[in-house]
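Trainee: I have a structure to go through and little idea where to start. Can we do it together?

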Amino acid sequence: EVFSSGLELHLVPLDATNQVTWEKSDLRDWRKAYAPESDLAADLIQRTLDAWGVKRVYVWDLVAALVAAWPEACPETRTGVEVVTSSGPQQGRTITVEHPDNIFVCLDPDPEKMKAAADAVFQQK
């Protein structure tokens, strides 16, 4: 229903958000902002890095939010998308279709622009 509603829709698929990773060095500028929001965000990512024992993590919702606020960080492509509604293992999956072009999709985010946008958010506080 949403995809056929006629509303202007924007999508950042998981494949796109997986192109941007965050690591400890990305958090330095956030902590310099001396704002509760930037400290909380840095703490959450640091805890994830520590808990998973990895050097970098995906933060899918952050990437999607940054695309909404700074669309220049990921040029969008207009395409057709439908949701599989038939029962079975594919139910709920989004698929591309030839027509109609009903959604704007971010397919190739620029990781450096994403990180600069996140830094800018916290520097505004």
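Mentor: Start with a rule: a charge sits over a ring if NZ of Lys or CZ of Arg is within 6 Å of the ring centre and within 35 degrees of the ring normal.

Trainee: OK, so which ring does the charged end of K115 sit over?

Mentor: The ring of W22, with the charged end of K115 5.9 Å from the ring centre. R78 is placed over the face of F104, 4.7 Å from the centre of that ring.

Trainee: What sort of model is this?

Mentor: It is a predicted model, in which local features need pLDDT of at least 70 and side-chain atom pairs count only at pLDDT 80 or more, while totals for chains, interfaces and linings use all residues. Residues are numbered from 1 along each chain as its sequence is written, and side-chain values use heavy atoms, with hydrogens and water left out.

Trainee: Back to rings. How many aromatic pairs are there?

Mentor: The count is 2. Rings of Phe, Tyr and Trp (its six-membered ring) pair if their centres lie within 6.5 Å; planes under 30 degrees apart are stacked, over 60 edge-to-face, and the rest tilted. W22 and W30 have ring centres 5.7 Å apart and planes at 50°, so that pair is tilted.

Trainee: And the other one, what is its geometry?

Mentor: Y58 and W60 are stacked, with 6.1 Å from centre to centre and 20° between the planes.

Trainee: Are W22 and W30 buried or exposed?

Mentor: Buried means under 20% relative accessible area, exposed over 50%, and partly exposed in between, using a 1.4 Å probe and protein chains only. W22 has 0% relative accessibility, so W22 counts as buried. W30 is buried too, at 1%. Y58 is partly exposed at 38%, and W60 is partly exposed at 37%.

Trainee: Which residues touch the most other members of the largest nonpolar core?

Mentor: W22, W30, I45, V63, L66, V67 and M114, out of 21 residues in that core. A nonpolar core here is a set of buried Ala, Val, Leu, Ile, Met, Phe, Trp, Tyr and Cys residues joined through side-chain atoms within 4.5 Å. In soluble globular proteins, nonpolar side chains tend to be buried together.

Trainee: Which helices supply at least two residues each?

Mentor: α3 (36–52), α4 and α5 do. Helices (H or I, at least four residues) and strands (E, at least two) are DSSP runs, numbered from the N terminus.

Trainee: Where is V121, and what does V121 contact?

Mentor: V121 is in helix α5, residues 111–123. Setting aside neighbours within four places in sequence, V121 contacts L66 and W70, where contact means heavy atoms within 4.5 Å. V121 has 26% relative accessibility, so V121 is partly exposed.

Trainee: New topic, the sheet. What is the strand order?

Mentor: The order is β1-β6-β4-β5, an open sheet of 4 strands with mixed pairing. Two strands pair if DSSP finds at least two bridges between them. β1 (10–11) and β5 (94–97) are at the edges with a single partner strand each, so one side of each has no neighbour in the sheet.

Trainee: Which sense does each pairing have?

Mentor: β4 (residues 76–83) pairs with β5 in the antiparallel sense over 4 bridges. β4 and β6 are also antiparallel, over 4 bridges. β1 and β6 are parallel, over 2 bridges.

Trainee: What are some of the bridge partners?

Mentor: V83 has T94 in β5 as bridge partner. T77 has V105 in β6, and H10 has F104 in β6. That F104 is the residue with R78 over its face.

Trainee: How many disulfides?

Mentor: The count is 1, with a disulfide taken as a pair of cysteine sulfur atoms within 2.5 Å. C74 is joined to C106, S to S 2.0 Å. The link is right-handed, with 100° about the S-S bond. It links distant parts of the chain: C74 is in the loop between α4 (60–69) and β4, and C106 is in strand β6 (residues 103–106), 32 residues apart. Both C74 and C106 are buried.

Trainee: Last one. Which peptide bond is cis?

Mentor: The bond from H99 to P100, with omega near -5°. P100 is in the loop between β5 and β6.
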